[in-house]
Each structure stands twice: as structure tokens, then as C-alpha cells.
Amino acid sequence: MKQSPMMKVAEVATGMEAELSFHVKRSPATPPVVNVAGRMVSRETYTLACAGEKTRPTMKLIILDRDGVINEDSDAYIKSPEEWNPIPGSLEAITRLNHGGYRVVIATNQSGIGRGLLDLETLNQIHRKMHRMVQEVGGLIEAIFFCPDVDEANPFRKPNPGMLLEIGRRLKCSLQGAPVVGDSVRDIRAARAANAWPLLVRTGKGARTLEREAESCANVLVFDDLATVAEYLTTDHE
Ligand SMILES: [Mg+2]
């Protein structure tokens, strides 16, 4: 598929059958301007800045899991926009990351689709709500990659690293050391396999993950929530 700037605001499905693979849909709610590092720039300028070699080092990539990191998780899956509710402070955290020079991309397993619990249109509705609420606090989620498959062997389904590698390939960004924020051991394993930097939050399944997967969590930085991750990553630690 030909790369285009549209990809930057696309929702991308990976790892399903051919007709669903690389399904690309432009977010209808994408704002005309982007707030980057505290200043408003046009989308065209932003796109050029992301593509330009000279400015590339100023833009960093962060990959977020969705359920349990941005929104409250449910063992019964998030099946409708009504069930999608942000964790307090998570939307503002995305804005803070944007202002700190981060391109925010989501990588989320959505096996509820493969299980027949929701369809693609409903997932798009959920994501439109998420985009809208993030934009209302001045933030931008650049793209959402999701794997609708149930099959654990699917290379795109976390803990396999395919979805993260695909993000790096499509955005032409190195994953080396890029923060990957998750609440489950799947996120940690995928990040490690992609040579990225796993960060764990206690929200969602995070506290349970810390308790039950202590070995896998060894040497992983743990944060209370996405807000504290954003604070940490946008604060000078020297
Ligand atoms: Mg999760």
C-alpha cells in the first residue's frame, strides 16, 4: 500500500483476513491544527516536520495500550462507546505527551471483534469518542493499530511484537528505546520483543499484573497511571 500523510491519522487494523488487513479509515474528527510542543501548527507543517530529517529527532514516538491505560478496563470487553470511559487524567496525559514532543500511537488487542462481541463499525464509534475526548483537552492520538484476531499465534496479537513493529515501519520511526505503556504482561513482552522500552501502569490490570507476573515485571518501571508516565517522560531528569 502506498504511504500517505493520511496514514498519520488513520485507524489501522492488523492481522485479520485480507479484507480487514490494513483497513485504513481517516478519523472524521481530526482537527485542522496540531498542538506540538506548546505551539499550534498546521497539520501540513506538522506532517512535514515529522517527515523532515532535520526535525525528526525532536519528535519522539510513544505507543500506548488502550484498555486499562487510557480507559477503564472490563473483563467483559469494551463493546460500545457508552462502555468506553477514560481513566481520570489519561486524556490530559496524552496532551502533555504531545506537548513534550511525543507522537502518540495506540496498539491494542481487540479480540472482542474476533469473538463476535462487537463489529468494526462499533469499534470505530468507540474510537471516534476517544479521539473527540482527547481533542477536547487539546491532545492528538495519531493512529490506532488494533488486532481483532483471537488466535494467539497471530504475529500482530500482543504479546507478539508484530503490531509494534508495524507501527515503527509505517511511521518510519525506530522502536529502539521507544516507551510502550501497558497494564498487562502481554504489553511488556511485546515491547521487549520489539526492542522498545516497556512501562507498566497500575491502572486496569496493572496491579494484578505486578502481583502475578513479578518475574516478567522485573526491571520494568512502574507508574500509578498514564498521568504519572507523562509527567515522568516530559520532566528533565538530569
Ligand atoms: Mg490493557
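Select D183 in this predicted model and display its contacts. Leaving aside neighbours within four places in sequence, D183 is in contact with D65, G68, V69, L200, V201, T203, G204, K205, G206 and T209. The residue sits in the loop between β8 (179-182) and α6 (185-193). Is D183 buried or exposed? D183 counts as buried because 27 C-beta neighbours lie inside 10 Å, and the cut-off for that label is 20 or more. Now add R66 to the selection: 117 residues separate R66 from D183 in sequence, while their C-alpha atoms are 9.2 Å apart in space.

Next, select strand β5, residues 60-64. Four of its five residues are buried, so the strand is largely enclosed by the rest of the structure. Which strands does β5 join by bridges? One is β6 (residues 102-109), which runs parallel to β5 and is joined to it by five bridges. Pick I62 to see one opposing pair: V104 of β6 stands opposite it. To get from β5 to β6 the chain passes through helix α2 (residues 90-99), and this β-α-β crossover is right-handed. The other is β8, also parallel to β5, with two bridges between them. Here the pair to pick is I63 and V180, with V180 in β8 standing opposite I63.

Keep I63 selected and add V105, L164 and L226. These four touch the most other members of the largest nonpolar core, which has 53 residues. In soluble globular proteins, nonpolar side chains tend to be buried together. Centre the view on L226 and leave out its neighbours within four places in sequence: the contacts of L226 are then V69, I70, I87, G89, S90, A93, V181 and V201. V69 and V201 are also among the contacts of D183.

From L226, extend the selection to helix α9, residues 226-233. Which residues of α9 are buried? They are L226, A227, V229, A230 and L233. Looking down the axis of α9, these buried residues fall within an arc of 160°, so they line one face of the helix. Elements covering them include α2, β8, β9 and β10 (221-223).

Three stops on backbone geometry follow.

- Select K158 and P159. The peptide bond joining them is cis, with omega about 20°. P159 is found in the loop between β7 (143-147) and α5 (162-171).
- Select Y77, in the loop between β5 and α2. Its phi is positive, about 70°, although Y77 is not a glycine. Y77 counts as partly exposed because it has 16 C-beta neighbours inside 10 Å.
- Select N195, in the loop between α6 and β9 (197-201). Phi of N195 is near 65°, a positive value in a residue other than glycine. N195 is partly exposed, since 15 other C-beta atoms lie within 10 Å.

Finally, clear the selection and show the whole chain as a cartoon. What does the chain contain in helices and strands? There are nine helices and 10 strands. Of its 238 residues, 45% count as buried. Among contacts in the chain with a separation of 6 or more, 62% are between residues 24 or more positions apart.

Notes. Residues numbered from 1 in each chain as written. Predicted model: local features only at pLDDT ≥ 70, side-chain atom pairs only at ≥ 80, totals over all residues. Core = buried A, V, L, I, M, F, W, Y, C linked by C-beta atoms within 7 Å. Buried ≥ 20, exposed ≤ 12 C-beta atoms within 10 Å, placed from the backbone. Contact = placed C-beta atoms within 7 Å. Pairing = 2+ DSSP bridges. Right-handed = clockwise from strand over helix to strand, strands pointing away. Arc of directions from axis to C-beta.
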